[in-house]
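Thank you all for making time this morning. Before I say anything, please take a moment to look over the sequence and the model for yourselves.

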Amino acid sequence: MSKETSLHGVHKGLGALFTDFAGWSMPVRYASELAEHKAVREAAGLFDLSHMAEIHVTGRQAADVLDYALVGNLSGVKPGRARYTMICNADGGVLDDLVVYRLADEHYLVVANAGNAQVVADALAERVAGFDAVVDDRSETTALIAVQGPEAAAILGAVTDADLDALKYYASVPASVKGHDVLLARTGYTGEDGFELFVDADEAPALWRLLMDAGEPHGLVPAGLACRDTLRLEAGMPLYGNELTLDQSPFEAGLGRVVKFEKPGDFVGRAALEERSKADVPRVRVGLKGAGRRAPRHGYRVLAGDTEIGEVTSGALSPTLGYPIAMAYVDRAYAEPGTELTVDIRGRIEPVEVVALPFYSRA
């Protein structure tokens with residue numbers, strides 16, 4: 001039986017089509033995923049992300065715990081700021097990619113992907129041993145709503161007391177939205193400006209309706225997981241289970257920048273990651289641009305001549321750009337932008353060109 005977010009009834013009332021995602025019944029689309037995608041690029045979309053995990057780490061050694069448990073330098077994050085990072089196993093394989101918010105000197109919020117929520121919670125609970133800190137998984141009582149798109153600031157500005165001009169990218173602030181206490185963060189997964197609002201789960205339906213009303217003059221629409229996937233793909237953002245897996249370290253994923261060897265002390269996976277950082281990575285993550293209308297999909301073979309040299313991890317016909325795009329892992333020798341390759345799309349060989357990521361950047 002799929003779990004339901006506190007907004008499930010709201011989505012039903014809006015006529016959402018649901019799908020099971022990581023054990024949750026989530027809206028995949030409301031009307032048209034293309035229209036929802038276009039709205040986020042040109043106006044704004046409202047997303048329910050309450051399936052994601054919210055794990056609080058508090059106490060005198062909260063920073064030390066996270067420096068040990070994660071690959072990033074979390075003690076170096078100032079209160080009110082956030083950081084994209086990863087949690088790895090002892091072999092350097094990625095357990096999950098995370099956004100970590102420092103809410104106060106001794107208080108952090110770790111946001112994990114829905115499919116890895118228990119894995120991350122269990123790993124943090126294990127790694128806190130010996131530290132003067134507490135790990136508290138509040139996922140069940142927390143809802144997460146995102147407003148994404150060029151109109152997001154105008155929509156939110158009309159209903160909050162927060163100074164949005166002062167709120168930088170990857171920063172957060174406690175705020176009130178028409179009487180609802182939220183943690184307001186300028187983060188997102190769409191390639192657009194936008195905000196994420198953490199709120200008590202029982203207040204989420206009222207907050208959702210309030211935001212929909214405020215957004216109506218600005219073209220705000222409810223947006224499902226289908227358009228979220230095409231938006232993040234255009235922005236070149238990895239998805240765990242596709243571009244990131246336990247078999248890969250951050251270096252194989254082209255995200256070695258998140259690993260901070262210079263931070264003090266040991267951390268889980270350090271020795272393995274130091275070795276993997278020096279090795280020649282056999283395959284690297286690249287962007288692929290296609291022609292025509294047939295898009296490469298997850299698992300499709302990438303070819304150089306008759307030789308298989310890689311595999312597609314995510315792909316779609318880009319609603320913004322109008323041509324097929326994909327991310328893939330290919331042999332290093334074929335990773336240079338401009339390299340011409342092909343993809344086997346259900347038995348038809350289609351030409352693609354290696355391009356730099358991201359495919360889309362907002363002006």
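In which strand does Glu 196 lie? Glu 196 is found in strand β13, which covers residues 194-200, and I should say at once that what you are looking at is a predicted model. I begin with this residue since the UniProt record, in an unreviewed entry, lists Glu 196 under "binding site". With a relative accessibility of 10%, and the limit for buried being under 20%, Glu 196 counts as buried. Its contacts beyond its sequence neighbours include Leu 49, Leu 144, Ile 145, Leu 183 and Thr 187, and the side chain of Glu 196 also makes a polar contact, at 3.4 Å, with the side chain of Tyr 101.

Let me turn to another residue, Leu 273, which has its place in helix α8, residues 270-278. Leu 273 has a relative accessibility of 0%, and therefore counts as buried. Among the residues that Leu 273 touches are Val 71, Cys 88, Gly 92, Pro 250 and Phe 261. Although Leu 273 and Asp 91 are separated by 182 residues in sequence, their C-alpha atoms are 7.4 Å apart in space.

Finally, a pair of helices: the axes of α2, residues 33-42, and α7, residues 225-234, come within 8 Å and cross at roughly 50°, so the two helices are oblique to each other. The crossing in which α2 passes α7 is right-handed. Where they meet, α2 contributes Glu 33, Glu 36, His 37, Val 40 and Arg 41, while α7 contributes Ala 226, Cys 227, Thr 230, Leu 231 and Glu 234.

Definitions and conventions
Residues are numbered from 1 along each chain as its sequence is written. This is a predicted model: local features need pLDDT of at least 70, side-chain atom pairs count only at pLDDT 80 or more; totals for chains, interfaces and linings use all residues. Side-chain values use heavy atoms; hydrogens and water are left out. Helices (H or I, at least four residues) and strands (E, at least two) are DSSP runs, numbered from the N terminus. Buried means under 20% relative accessible area, exposed over 50%, partly exposed in between (1.4 Å probe, protein chains only). Contact means heavy atoms within 4.5 Å. UniProt positions are given in the numbering used here, feature names are shortened, and annotations may be inferred rather than shown by experiment. A polar contact is a pair of N or O atoms within 3.5 Å; within protein, one must be able to donate a hydrogen and the other to accept it, and residues adjacent in sequence count only if both atoms are side-chain atoms. Axes are lines fitted to C-alpha atoms, for helices over the stretch in contact, and angles run from 0 to 180 degrees between N-to-C directions. Angles under 35 degrees count as roughly parallel, over 145 as roughly antiparallel, 65 to 115 as roughly perpendicular and the rest as oblique. A crossing is left-handed if the near helix is turned anticlockwise from the far one by less than a right angle, and right-handed if clockwise. Lists of a residue's contacts leave out its neighbours within four places in sequence.
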